[in-house]
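Subject: Structure handover

Hi,

Here is the structure I promised to pass on to you. Have a look at it first, and my notes follow underneath.

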Amino acid sequence: MLYDHMIIRYGELALKGKNRTFFINKLKRSIVNRLKGVAGQATLELARDRMFINLNDADPHEVMQSLVDVFGIHSMSLAAKSTLTIDGILETADALFKEQIEGKSLTFKVTTKRSFKGFTPDSQKMNAIVGGHLLKNNESVSVNVHHPDIEVRVEIRHNAAYISCGVVKGAGGFPAGTSGKAMLMLSGGIDSPVAAYMAMRRGLSLEAIHFFSPPYTSERAKQKVISLAKELRRFGNMKLHIVPFTEIQETIQRNVAPDYTMTITRRMMLRIAERLAEKRKALSVVTGENLGQVASQTLESMYTIGEVTDLPLLRPLLTMDKVEIMDKAREIGTYDVSILPYEDCCTVFLPPAPKTKPRRSQAAFYEEKLDIDKLVDDALAQVELVSLKQEKADEFSHFL
């Protein structure tokens with residue numbers, strides 16, 4: 001195999017102005033951390049609009065696979081490095097092209113990008129020169145500039161040329177940790193892990209909160225959430241706070257009319273999330289809410305529930321439909337764990353007819369019967385911070 005380098009393209013990061021170095025350095029750190037897990041001695045070189053990984057003796061496909069879910073990478077290409085001469089470029093392009101087509105009857109086109117303008121001829125002429133050379137030396141191929149089977153890319157830099165024959169889409173977004181920290185409301189369902197992925201993709205660092213209500217919810221349900229949090233660590237650092245919620249839910253059941261228990265429960269969750277955010281220096285709360293999906297996610301419910309916090313409530317899934325969310329869950333690898341049939345605290349106490357248009361005044365009326373500060377303080381005093389650093393020893397793997 002002729003590939004000796006990988007080209008990393010920034011995409012959206014290239015549009016950053018004076019903060020560009022901050023974003024690029026964060027991306028570099030993410031990539032270097034991933035390369036530590038790859039056999040070989042791959043090294044990284046920075047350029048203004050690209051990164052170049054010198055593969056050395058590392059397996060190119062292993063390096064590629066290790067980077068597909070790194071946020072901040074727009075696209076990647078395996079490439080062969082050439083001397084900065086026309087003869088060198090033609091020789092490298094032809095050898096790489098032959099390896100790609102394997103004698104098959106395919107179409108191709110050549111695209112040249114000259115970052116180093118001192119190199120002549122210009123890009124259009126290089127397209128013709130390289131394309132003509134490949135046609136002359138490979139009888140089974142033909143040119144198709146609109147829908148080619150293979151696009152041969154020639155990147156001219158100041159010290160070398162890089163030839164590639166394919167582009168792999170990256171995870172996109174912003175590098176991990178470039179947008180600050182938020183708390184994530186993590187249930188055991190399908191939606192909140194997807195919301196976490198979407199939030200991390202925009203550069204947020206997350207600490208998850210899960211509300212646990214034994215004996216109504218089982219240890220298996222708790223372990224399921226821990227497995228989900230571990231799965232999400234593939235995309236960025238994450239901590240998990242388990243909040244004991246039994247006393248609060250039992251108190252709500254005794255003092256609040258059934259149709260308002262769901263609303264009051266959500267308001268209590270947000271109060272606890274806000275206190276944890278203050279303690280952990282987070283500036284927002286991420287939820288898996290999706291407009292109109294269930295009673296707590298009507299506009300009226302969001303308005304009434306959100307009253308109890310001044311923090312921004314980020315809802316990455318707000319406008320997605322359920323099928324889109326399920327597809328994304330499968331794509332990021334959380335779906336199979338999310339659908340395991342273990343209860344969560346939101347469903348075990350769900351009334352038969354929760355209020356879909358709750359009013360703030362009515363919620364406040366019911367909350368006058370509760371010692372809210374004591375309930376929140378007591379729950380916070382018992383929060384368990386779960387370590388997620390151990391290897392992925394998913395106890396649910398035998399179900400999948």
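**Salt bridges, a cavity and a surface patch**

E289 is buried, as its relative accessible area is 14%, and buried here means under 20%. Please keep in mind as you read on that this is a predicted model. The side chain of E289 pairs with that of R315 in a salt bridge, with 2.5 Å from N to O. This pair ties together distant parts of the chain, 26 residues apart. E289 sits in the loop between strand 13 (285–286) and helix 9 (299–305), while R315 sits in the loop between strand 14 (313–314) and helix 10 (322–332). Unlike its buried partner E289, R315 is partly exposed, with a relative accessible area of 22%.

Helix 10 has salt bridges of its own to show you. R330 and D327 lie three residues apart in that helix, so about one helical turn separates them. Their side chains meet in a salt bridge at 3.3 Å, N to O. R330 is partly exposed at 44% relative accessibility, and D327 is partly exposed too, at 43%.

E331 and K328 are also three residues apart in helix 10, again about one helical turn. They form a salt bridge whose closest N and O atoms are 3.2 Å apart. Which of the two is buried, and which is exposed? E331 counts as exposed at 54% relative accessibility, whereas K328 counts as buried at 18%.

Across the whole structure, the search finds 23 salt bridges. You may also like to look at R9, D49, R50, E155 and R157, which salt bridges link into a network.

Now for the inside. The structure has one cavity of 30 Å³ or more, and the volume of the largest cavity is about 60 Å³. Its lining includes Q249, Q253, T261, M262, T265 and R266, along with C345, C346, F349, L350 and P351. Helix 7 (246–255), helix 8 (258–280) and helix 12 (345–348) are the elements that each give two or more residues to this lining. Helix 8 contributes the most, with four residues. Sorted by class, the lining of the largest cavity has six nonpolar, four polar and one charged residues.

Finally, the surface. L135, V143 and V145 make up a nonpolar patch there, and their accessible area together is about 230 Å². Of these residues, V145 lies in the loop between strand 6 (142–143) and strand 7 (150–156). V145 counts as partly exposed, at 48% relative accessibility.

Enjoy exploring!

Best wishes

How values were computed. Residues are numbered from 1 along each chain as its sequence is written. This is a predicted model: local features need pLDDT of at least 70, side-chain atom pairs count only at pLDDT 80 or more; totals for chains, interfaces and linings use all residues. Side-chain values use heavy atoms; hydrogens and water are left out. Patches are made of residues with over 30% relative accessible area and no salt bridge: like charges are joined within 9 Å, nonpolar side chains (Val, Leu, Ile, Met, Phe, Trp, Tyr) within 5 Å. Accessible areas come from the Shrake-Rupley method with a 1.4 Å probe; for residues, only the protein chains shown count as cover. A salt bridge is a side-chain nitrogen of Lys or Arg within 4 Å of a carboxyl oxygen of Asp or Glu. Buried means under 20% relative accessible area, exposed over 50%, partly exposed in between (1.4 Å probe, protein chains only). On a 1 Å grid over the protein atoms alone, a cavity is a set of points where a 1.4 Å probe fits but cannot get out, and a pocket is an open set with protein on both sides within 12 Å along at least five of seven lines; lining residues have an atom within 4 Å of a point. Grid points are joined across faces, edges and corners, and a volume is the space filled by probe spheres set on the points. Ala, Val, Leu, Ile, Met, Phe, Trp, Tyr, Cys and Pro count as nonpolar, Asp, Glu, Lys and Arg as charged, and the others, Gly among them, as polar.
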